[in-house]
Amino acid sequence: MAKVLTSKEVDYSQWYNDLVDEAGLAEHSAVRGCMVIKPYGYSIWEKMQASLDKMFKDTGHSNAYFPLFIPKSFFAREASHVEGFAKECAVVTHYRLKDGEDGIMVDPDARLEEELIVRPTSETIIWNTYRGWIQSYRDLPILVNQWANVVRWEMRTRLFLRTAEFLWQEGHTAHATREEAVREAEQMLEVYADFAENWMALPVLKGTKTPNERFAGALETYCIEALMQDGRALQAGTSHFLGQNFAKAFDVKFTDRDGKLDHVWATSWGVSTRLMGALIMAHGDDNGLVVPPKLAPLQVVIVPIYKKEEELGAISEAVEKIMEALKKRGISVKYDDSDKQRPGFKFAEYELKGVPVRIAVGPRDIEKGTVEVARRDTREKTTIPMETTADTVAGLLDEIQQNIFRKALEFRDANTRQADNFDQFKEILEEKGGFILAHWDGSPETEQRIKEETKATIRCIPLNNPKENGKCILTGKPSEQRVVFAKAY
């Protein structure tokens, strides 16, 4: 039976939950706050992972792996870092179970000498390790990335967007100079923006975070911010210039070219399965997912249309040639000739999963030498010559990729507004949402007051932000630029 989703116009939150469930992306697990990523959801994440991994390696980075458990004492070495993560840490205190009167119990005699923190992020364990890797400028730079899971003990969870455990990558680099580390952090921001826009078809704003919103322990946090279809922002990636904070905390020094001893300069950067939530919310509709072709595990599905079993042979023979031509072009394709569902239900199922292109072939198509092609983004159908199918579909996939981005960009532009006073700011926020460009006096206190009164945060200070004299929307104090506010996930 075809799945029916709650309309996103009626209840956006329920629409999202329905879509994650019905499209087979993920489900809640027996462990509170943790999710099971189902095969189809994981296949999309794998496409993201493979694309990003290539981009990392193309910019000189290598993958490594570091421990899941971090000694508690490591966190105490960098004050702002421990303060930023203390309330989210899961702690391992014992290493053994035993039989008790009421069943299995934790053995009180097996308490660890030092508690272990389940990795919420890896700066501390990695910089403790780098101390043994770095002695001289010849050992630098270190350009390492890790694909891993992390745990942040969230009380309110939502599949992909906020879970106690999630998957991500975290880059951790070490450099001889401040300038080199800043260039690295900026470069990785560009990599993330490139991936978001050219693979995810997701337009993003590039900027820096305010001191209030920076990563714990960073001197500068660069970010990309995207706008979802309900008018809320979503942070889609961050890159941090860490200065020498972690090198000093873990005593990581090197001898420079002049023979002087100095602390190493650092960056870290990451994106997570949160991007799955962004993909759903930026492009999905009431019929299901809309997956950009570059990230679609299955780019084309072919469904036979027939009434008599004997008609299937000729259809399958024609389809085999079409599939061969598509595969030669590197296009992933599936022929669904199963008899479990009627064609109409198959159409709805693949539409729900966001497959970019659907091809239908029946006896009349065989006679005419044609096929029916349907595109997921616009739901338009057209009949084309069978012999040109591979050429047409290859061009269509490019067109769909561009159209999905264009639609998202038009939505963002239509939902980006300026506010010149606090009443106007609150009115836009309440009635329309979206990105709001407004003046801010630069103080953390004003930023916090705006957040407390409206639940809107400064998403970023855009890079290359034009200077514009104005007055802070809350305090009326002078301001030289507008920043980007929004309610966010």
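Helices, written H or I and at least four residues long, and strands, written E and at least two residues long, are DSSP runs numbered from the N terminus. With that numbering, the places of residues can be given in this structure, which is a predicted model.

**An unusual peptide bond and two positive phi angles**

Pro 141 is found in the loop that runs between helix 5 (123–133) and strand 9 (142–151), and the peptide bond leading into this proline from Leu 140 is cis, with omega near -5°. Phe 160, which is not a glycine, nevertheless has a positive phi of about 70°. This phenylalanine sits in the loop between strand 9 and strand 10 (165–175), where Phe 160 counts as buried because its relative accessible area is 2%. Asp 251 is likewise a residue other than glycine with a positive phi, here near 55°, and it belongs to the loop between helix 7 (245–249) and strand 14 (253–255). At 43% relative accessibility, Asp 251 is partly exposed.

**Two helices**

Helix 2 covers residues 39–58, and its 20 residues reach 28 Å from the first C-alpha to the last, which is close to the 28 Å expected at 1.5 Å a residue. Among its buried residues are Tyr 40, Ile 44, Trp 45, Met 48, Leu 52 and Phe 56, and Asp 53 is also one of them. After helix 2 comes Gly 60, with a positive phi near 95°. Helix 6, residues 178–198, has 21 residues and reaches 30 Å between its first and last C-alpha, close to the expected 30 Å. Its buried residues include Val 182, Met 188, Leu 189, Tyr 192 and Phe 195, together with the charged residue Glu 184.

**Salt bridges**

The count of salt bridges comes to 22, and three of them are set out below.

| Pair | Closest N to O distance |
|---|---|
| Asp 53 and Lys 57 | 2.7 Å |
| Arg 111 and Glu 115 | 3.5 Å |
| Arg 329 and Asp 391 | 2.1 Å |

What separates Asp 53 from Lys 57 along helix 2? The two residues are about one helical turn from each other, because they are four residues apart in that helix. Asp 53 counts as buried, at 13% relative accessibility, whereas Lys 57 is partly exposed at 46%.

Arg 111 and Glu 115 also belong to a network of salt bridges that takes in Lys 72. Within this network, Arg 111 is partly exposed with a relative accessible area of 45%, while Glu 115, at 18%, is buried, since buried means under 20%.

The salt bridge between Arg 329 and Asp 391 has its closest N and O atoms 2.1 Å apart. This pair links distant parts of the chain, with Arg 329 in the loop between helix 9 and strand 18 (333–335) and Asp 391 in helix 12 (residues 389–414), 62 residues apart. Arg 329 is partly exposed, at 46% relative accessibility.

**Patches on the surface**

Which residues gather in a patch of negative charge on the surface? They are Glu 309, Glu 310, Asp 337 and Asp 339. Glu 309 lies in the loop between strand 17 (300–304) and helix 9 (312–328), and it is exposed, with a relative accessible area of 56%.

A nonpolar surface patch of about 310 Å² is formed by Leu 97, Ile 104 and Val 106. Of these residues, Ile 104 lies in strand 7 (residues 103–106), and it counts as exposed because its relative accessibility is 64%.

How values were computed: Residues are numbered from 1 along each chain as its sequence is written. This is a predicted model: local features need pLDDT of at least 70, side-chain atom pairs count only at pLDDT 80 or more; totals for chains, interfaces and linings use all residues. Side-chain values use heavy atoms; hydrogens and water are left out. Patches are made of residues with over 30% relative accessible area and no salt bridge: like charges are joined within 9 Å, nonpolar side chains (Val, Leu, Ile, Met, Phe, Trp, Tyr) within 5 Å. Accessible areas come from the Shrake-Rupley method with a 1.4 Å probe; for residues, only the protein chains shown count as cover. A salt bridge is a side-chain nitrogen of Lys or Arg within 4 Å of a carboxyl oxygen of Asp or Glu. The place of a charge is taken as NZ of Lys, CZ of Arg, CG of Asp or CD of Glu. Buried means under 20% relative accessible area, exposed over 50%, partly exposed in between (1.4 Å probe, protein chains only). The expected span of a helix is 1.5 Å times one less than its number of residues.
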